[in-house]
Amino acid sequence: MLQLVLNYLGIAMFASSGAMVAIRKGFDLFGIAALGILTGVGGGVVRDVFLGIHPPTSIQHWPNITVAVVATAVATLAARHVIRFNRIVLTLDAVGMGFFATSGAAIAADRGASWFAAVLVGLTTAIGGGIIRDVLVREIPLLMRPDDLYAVPALIGATTYAVIDYFGPQWVGLTVGTVLATVLRLAGLVFGWRLPTGPQDLIVGDP
Amino acid sequence: MLQLVLNYLGIAMFASSGAMVAIRKGFDLFGIAALGILTGVGGGVVRDVFLGIHPPTSIQHWPNITVAVVATAVATLAARHVIRFNRIVLTLDAVGMGFFATSGAAIAADRGASWFAAVLVGLTTAIGGGIIRDVLVREIPLLMRPDDLYAVPALIGATTYAVIDYFGPQWVGLTVGTVLATVLRLAGLVFGWRLPTGPQDLIVGDP
Amino acid sequence: MLQLVLNYLGIAMFASSGAMVAIRKGFDLFGIAALGILTGVGGGVVRDVFLGIHPPTSIQHWPNITVAVVATAVATLAARHVIRFNRIVLTLDAVGMGFFATSGAAIAADRGASWFAAVLVGLTTAIGGGIIRDVLVREIPLLMRPDDLYAVPALIGATTYAVIDYFGPQWVGLTVGTVLATVLRLAGLVFGWRLPTGPQDLIVGDP
């Protein structure tokens, strides 16, 4: 039950982020909905393509995309307020990211993927939607730029899940992985953690 | 038989649009052919990846890509005329789009996908090639910008197919869905139908 | 054994090219590693998605990505030297490309794909990583621009493999295909071979 709630929460947050970017780029209503849906369920669709789940869950069953559409509609109607409550949105997004990283790893492990694959698939589930969003609006994926930590908490959450699941019950792994990824993401935002770049003098133009 | 013709017509039109974009971007002959092929069969390849058809039909069997290559060659040789006969190209493209939307839905339904999935896969088949084309040439997908209606007719065509197929014979759904999507697309072009965008004042820079 | 070496060599070269692009774009360490990995194993992952290998080999088994990570780390630490030894890097990259084109075709043929599909999958394996790299950093794929020959040698190598494998032993096809693609690529670099573009006067802006 909680898992279902976290799944929909994650999709809704990702979809809202896609919708907000689409609004700012001047997309029409179809474009806003499409970018919201692709950002919301894109990571899960890539996960299912990697795992051979045909058709991908979000395409075969209606609830995920319906949640994404509703979140997109709400974000569009309340666009000004969404921008103002940016802090709440970032927090909920961190929870969704943490859950996607660990649940993605769990789904992979349940389908017989290696632990190595489970971690990577979890990471992909958490960050895939955001990368699709950025590529479609012609931006370099936020994840790759030295702005703030997003993928590293997802990677740590998925790894934590895999380690705990190897030794103990799955639900402990899911809980600890999700909480850890979320907390690391929020701590990174609060304290402004960043990773270093390569040699500064080799950077060409603006990133 | 008619289905085969419509399939090749759709691929040829999509491939030509990819080739024309590539020519205008100054791509070399390989780049023109590659963008033509990817635009022509890209939507169908994504459809097959979603449905678990391995390898995708257009990769496994030679006719589709051959049609795309021929269309690309013709478009390249006749580039100036293609631009002049833009109205004919847009009309044939609308027919291809309509057929891809409904035939994509039909292929999904035949492989046991849910009706919900059939509609989404039909839509993906119709618009996937164009999105791949625009991402590769570093443009924001045309579909998402408020220029004219393309995806909405495809969505309506695929939905119409699914509804009719549920109650009656498949060929009626294919015919009505294809015709309806094509007519809506052309009507949208003639009458300049557009969808609204989000709040104007939130739009940043040019779309 | 040699095949394993060539596989890791190819991944390492592709990963280094991704890392160098990421460094120049000012990505942080995660972004550099991510782009290196995606460039290094991306072609193979797309190949596996097309062939229905779930999860893709590079995701399921750790060696490929580990090689990509190590190559990325070395390239980052030695970034200035990598730029200076550009000629060596281009040569090794040509070997990797040639091997990926033919080995990708061989893997496809072994899984029952048609000869037509084997050639296309080989080509995809060789050029997929580079296209993913360029799309993610918001560049028009190098392959499509009239800079130098890359995809055409890969296509010829994969085709050569398929023809030889049809008549004779697989290892001859692998060897001749790899060598031929590599030599053609290097000859193209040395002699500045280029393909023509479409009509010059239709080119809009800079490519």
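**Exercise 1. Place C:Thr124 in this predicted model and find what its side chain reaches.**

Solution. Start with the secondary structure: C:Thr124 sits in helix 7 of chain C. Next, follow the side chain, which comes to 2.7 Å from the backbone oxygen of C:Leu120. A polar contact needs N or O atoms within 3.5 Å, and the 2.7 Å distance to C:Leu120 can be held against that cut-off. Finally, look for neighbours further off in sequence. Leaving out residues up to four places away, C:Thr124 touches C:Gly43, C:Val46 and C:Phe50.

**Exercise 2. Describe the contact of chain C with chain A: how many residues does each chain give, and what area is buried?**

Solution. Begin with the residue count: chain C contributes 32 residues and chain A contributes 34. Then turn to the area. The two chains bury about 2800 Å² between them, and carbon and sulfur atoms account for 71% of that. Now ask who supplies chain C's part. C:Asp28, C:Phe30 and C:Ile59 provide 22% of the area that chain C buries against chain A, more than any other three residues.

**Exercise 3. Which polar links cross this interface, and which elements build chain C's side of it?**

Solution. First, check for salt bridges: the rule finds zero between chain C and chain A. Polar contacts come next, and here the count is six residue pairs, with both residues at pLDDT 80 or more. Then list the elements of chain C that give two or more residues to the side touching chain A: helix 1 (2–24), helix 2 (29–51), helix 3 (57–60), helix 4 (63–77), helix 5 (79–84) and helix 7 (115–136). Helix 2 of chain C has the largest share, with nine residues. To finish, sort that side of chain C by residue type: 20 are nonpolar, seven polar and five charged.

**Exercise 4. Take the UniProt annotations of chain A and work out how much helix the annotated spans hold.**

Solution. Start from the record. The unreviewed UniProt entry assigns "domain: Glycine transporter" to residues 5–78 and 91–164 of chain A. For residues 5–78, the model gives 84% helix and 0% strand, with the end C-alpha atoms 22 Å apart. For residues 91–164, the values are 76% helix, 0% strand and 25 Å.

Now move to the "transmembrane region" features, which the unreviewed entry places at several spans of chain A, including 65–83 and 170–193. Residues 65–83 are 95% helix and 0% strand, and their end C-alpha atoms lie 23 Å apart. Residues 170–193 come out at 92% helix and 0% strand, with 30 Å between the end C-alpha atoms.

Terms used
Residues numbered from 1 in each chain as written. Chains lettered and ligands numbered in written order. Predicted model: local features only at pLDDT ≥ 70, side-chain atom pairs only at ≥ 80, totals over all residues. Heavy atoms only, no water. UniProt positions renumbered as here; feature names shortened; annotations may be inferred. Helix = DSSP H or I, 4+ residues; strand = E, 2+ residues; numbered from the N terminus. Contact = heavy atoms within 4.5 Å. Buried area = accessible area lost by both parts, 1.4 Å probe. Salt bridge = Lys/Arg side-chain N within 4 Å of Asp/Glu carboxyl O. Polar contact = N/O pair within 3.5 Å; in protein donor to acceptor, adjacent residues only side chain to side chain. Nonpolar A, V, L, I, M, F, W, Y, C, P; charged D, E, K, R; others polar.
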